[in-house]
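Visitor: I am new to this one and would like a slow walk through it. Could you put it up on the screen before we start?

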Amino acid sequence: QVQLVESGGGLVQAGGSLRLSCAASGSGFSINAMGWYRQAPGKQRELVAVLTSGGSTNYVDSVKGRFTISRDNAKNTVYLQMNSLKPEDTAVYYCNANIRISILLPSKDYWGQGTQVTVSS
């Protein structure tokens, strides 16, 4: 069974930095795209950043130039480096990975449990 385990959230002042990590546990699977979503109170979940297996990245406009997504394929881990944080970045951040556990089955999305990021002004 594949699980995504996140870490790295917390409380930081505006202008500060945090680094989120998400590791996929288990064995015998292949990972396609990995990414980060966030959901602020009263708002819909939104895509923050995605990194494909081919190395392509995509970011929501509001984080471009401040956030960087990266991946360690050997560790099945994706990272989100968040710099110059703003109060509007406050949200629960969720890791997402599109994973195939068998060549006989289609790939599907897995989600982490979420980690709170709070940016104080």
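Guide: One term will help us before anything else: a residue counts as buried when its relative accessible area is under 20%, as exposed when that area is over 50%, and as partly exposed in between. Please also keep in mind that this is a predicted model.

Visitor: Okay, so is Asn-76 buried, exposed or partly exposed?
Guide: Asn-76 has a relative accessible area of 25%, and because that value lies between the cut-offs of 20% and 50%, the residue counts as partly exposed.

Visitor: And where is Asn-76 found?
Guide: Asn-76 sits in the loop between β7 and β8. Those two strands form a hairpin with four residues between them, and in that hairpin Asn-76 takes a positive phi near 50°.

Visitor: Which residues is Asn-76 in contact with, leaving aside its neighbours within four places in sequence?
Guide: With those neighbours set aside, the contacts of Asn-76 are Cys-22, Ala-23, Ala-24, Phe-29, Ile-31 and Met-34. For Cys-22, the C-alpha atoms of the pair are 8.3 Å apart in space, although 54 residues separate the two in sequence.

Visitor: Back to the hairpin, then. How many bridges join β7 to β8?
Guide: Six bridges join β7 to β8, which covers residues 77–82, and the two strands run antiparallel. As an example of who faces whom, Phe-67 stands opposite Met-82 in β8.

Visitor: Which side chains of β7 point to the buried face?
Guide: In β7, which covers residues 67–72, the side chains alternate, so that Phe-67, Ile-69 and Arg-71 point to one face and are buried, while Thr-68, Ser-70 and Asp-72 point to the other face and are not buried.

Visitor: What sheet do these strands belong to, and in what order?
Guide: They belong to an open sheet of four strands, in the order β1-β3-β8-β7, with antiparallel pairing. Its edge strands are β1, residues 3–7, and β7, each of which pairs on one side only. On average, neighbouring strands of this sheet are turned by 15° against each other, direction ignored.

Visitor: And at the β1 end, how many bridges join β1 to β3?
Guide: Five bridges join β1 to β3, residues 18–25, and these strands also run antiparallel. One of the pairs there is Leu-4 with its bridge partner Ala-24 in β3.

Visitor: Changing topic: which residues have the most contacts inside the largest nonpolar core?
Guide: That core has 31 residues, and those with the most contacts inside it are Trp-36, Leu-80, Met-82 and Tyr-93. Several strands give two or more residues to the core, among them β3, β7 and β8, but β9 gives the most, with five residues.

Visitor: What is Leu-80 in contact with?
Guide: Leaving aside neighbours within four places in sequence, the contacts of Leu-80 include Leu-20, Trp-36, Val-48, Phe-67, Ile-69 and Tyr-93. As a general point, nonpolar side chains tend to be buried together in soluble globular proteins.

Visitor: Finally, the whole chain: how many helices and strands are there?
Guide: The chain has zero helices and 11 strands. Its radius of gyration is 14 Å, which agrees with the value near 14 Å for a compact globule of 121 residues, and 39% of the residues count as buried. Along its principal axes, the C-alpha trace spans about 50 × 25 × 25 Å.

Conventions. Residues numbered from 1 in each chain as written. Predicted model: local features only at pLDDT ≥ 70, side-chain atom pairs only at ≥ 80, totals over all residues. Heavy atoms only, no water. Buried < 20%, exposed > 50% of the residue type's maximum accessible area, 1.4 Å probe, protein only. Pairing = 2+ DSSP bridges. Axes fitted to C-alpha atoms, helices over the stretch in contact; angles between N-to-C directions. Contact = heavy atoms within 4.5 Å. Core = buried A, V, L, I, M, F, W, Y, C linked by side-chain atoms within 4.5 Å. Rg over C-alpha atoms; globule rule 2.2 N^0.38 Å.
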